[in-house]
Every structure is written in C-alpha cells, then in structure tokens.
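Thanks for coming. I will go through one model this morning, and I will keep to packing, salt bridges and the surface.

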Amino acid sequence: MDIVVRGQIGNENSKTLVLHGFTEKIIAERKLYHEQTNGRYLKIIENNDVTETDGREIYGREKKRLAMLDLLIAASREHHLTDMDIREEVDTFTFEGHDTTAIAISYTLLLLAEHKEIQVLLDRDKRYILLGMLINFVQLFSR
C-alpha cells in the first residue's frame, strides 16, 4: 500500500513539473522577445500619457492593449513580481479555463441525462447534421 501511495504522488509531481516547464518556457520566450526588441512594447506602460475611453486605453493616436503576460513581465522589471509569481499567474490563466470547460460539459451531460425528450431532439439534430456532412463529403469526392 505504501508503494502505491508513493507512486501516485510521484506521478502527480511529474505532471506538475511538465506543466511548470511549459509555462516557464512561455515566460522565457516572451522575456527573450522583449529583450530582443529592447522592451519597446513594454515602454507604452511607462508612458504616463494614457487616457481611457470606453474601456480602451489610447496611447497617442493608436489604441494599444498588452497581453496579460506582458503586463506581468513589465511588473517584474520594476521588481514588483518574481519569476515564481509570474509562473503562478500564467498557470492560473492558462489552465483554469480547462476546469471551467470540464465543469460545463459535465453539467450539460447531467442535464441531458435527466431530460430524455431533449436527448431525442439532440439525437435528431445530430443525425441531420452528420447526414448533411456525409452528403457533402460524398459530393466532394464524386467529382
């Protein structure tokens, strides 16, 4: 029993390391990009001539929006965030969407399981769509 528990924990740790490696690679690539461009895209944050209209920030004549990762990198350059802080934030906005999607799909399946009449309508629609796709596929290759 003790071996199984250790194996499960080790397996989870290896999965976590893979995920952290992925996010660290994304962060490193983006930091390298900003180093190669001499941080010119991060400098619009430093400019205080920012006005807001309708939720959009206007810099000079152009409307600019920075990606969340760029904002985090800019904060790290001012020593407000460490690389670990950035990784935690990137992990959150990268992987939390999967949880939300999984919950939505699970809830949809639960509702479908409870409502047979909707299942029948869904099955009818699915067959109609798939039949249309099959007809288009056959027409495509019969030319």
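When I say contact, I mean heavy atoms within 4.5 Å. What you see is a predicted model. With that rule, take leucine 42, setting aside its neighbours within four places in sequence: the contacts are His34, Asp70, Ile73, Ala74 and Arg77.

Leucine 42 also belongs to the largest nonpolar core. That core has eight residues, and the others are Ile27, Leu69, Leu72, Ile73, Ala74, Ile86 and Val90. Which elements give two or more residues to the core? They are α3, residues 68-77, and α4, residues 83-114. The most comes from α3, with four residues. As general background, nonpolar side chains in soluble globular proteins tend to be buried together.

Now the salt bridges. The count comes to seven, and I will take some of them in turn.

Start with arginine 87 and glutamate 24, whose side chains meet at 2.9 Å, N to O. This pair links distant parts of the chain, since arginine 87 sits in helix α4 and glutamate 24 in helix α1, residues 2-36, with the two positions 63 residues apart in numbering. Is arginine 87 buried or exposed? Its relative accessibility is 14%, so arginine 87 counts as buried. Glutamate 24 has a relative accessible area of 39% and is therefore partly exposed.

Next, aspartate 83 and lysine 31 form a salt bridge at 2.4 Å, N to O. Here too the pair links distant parts of the chain: aspartate 83 is in helix α4, lysine 31 is in helix α1, and they are 52 residues apart. Aspartate 83 counts as partly exposed because its relative accessibility is 48%. Lysine 31, with a relative accessible area of 22%, is partly exposed.

A salt bridge within one helix is the one between lysine 25 and glutamate 29, at 3.7 Å, N to O. Both residues lie in α1, four residues apart, which is about one turn of the helix. Lysine 25 is exposed because its relative accessible area is 52%, and the cut-off for exposed is over 50%. Glutamate 29, at 46% relative accessibility, counts as partly exposed.

There is also a network of salt bridges, which links Asp123, Lys126 and Arg127.

Last, the surface. A nonpolar patch is formed there by Leu131, Leu134, Ile135, Phe137, Val138, Leu140 and Phe141, and together they have about 720 Å² of accessible area. From that patch, leucine 131 is found in helix α5, residues 116-141. Leucine 131 has 47% relative accessibility, so it counts as partly exposed.

How values were computed
Residues are numbered from 1 along each chain as its sequence is written. This is a predicted model: local features need pLDDT of at least 70, side-chain atom pairs count only at pLDDT 80 or more; totals for chains, interfaces and linings use all residues. Side-chain values use heavy atoms; hydrogens and water are left out. Patches are made of residues with over 30% relative accessible area and no salt bridge: like charges are joined within 9 Å, nonpolar side chains (Val, Leu, Ile, Met, Phe, Trp, Tyr) within 5 Å. Accessible areas come from the Shrake-Rupley method with a 1.4 Å probe; for residues, only the protein chains shown count as cover. A salt bridge is a side-chain nitrogen of Lys or Arg within 4 Å of a carboxyl oxygen of Asp or Glu. Buried means under 20% relative accessible area, exposed over 50%, partly exposed in between (1.4 Å probe, protein chains only). A nonpolar core is a set of buried Ala, Val, Leu, Ile, Met, Phe, Trp, Tyr and Cys residues joined through side-chain atoms within 4.5 Å.
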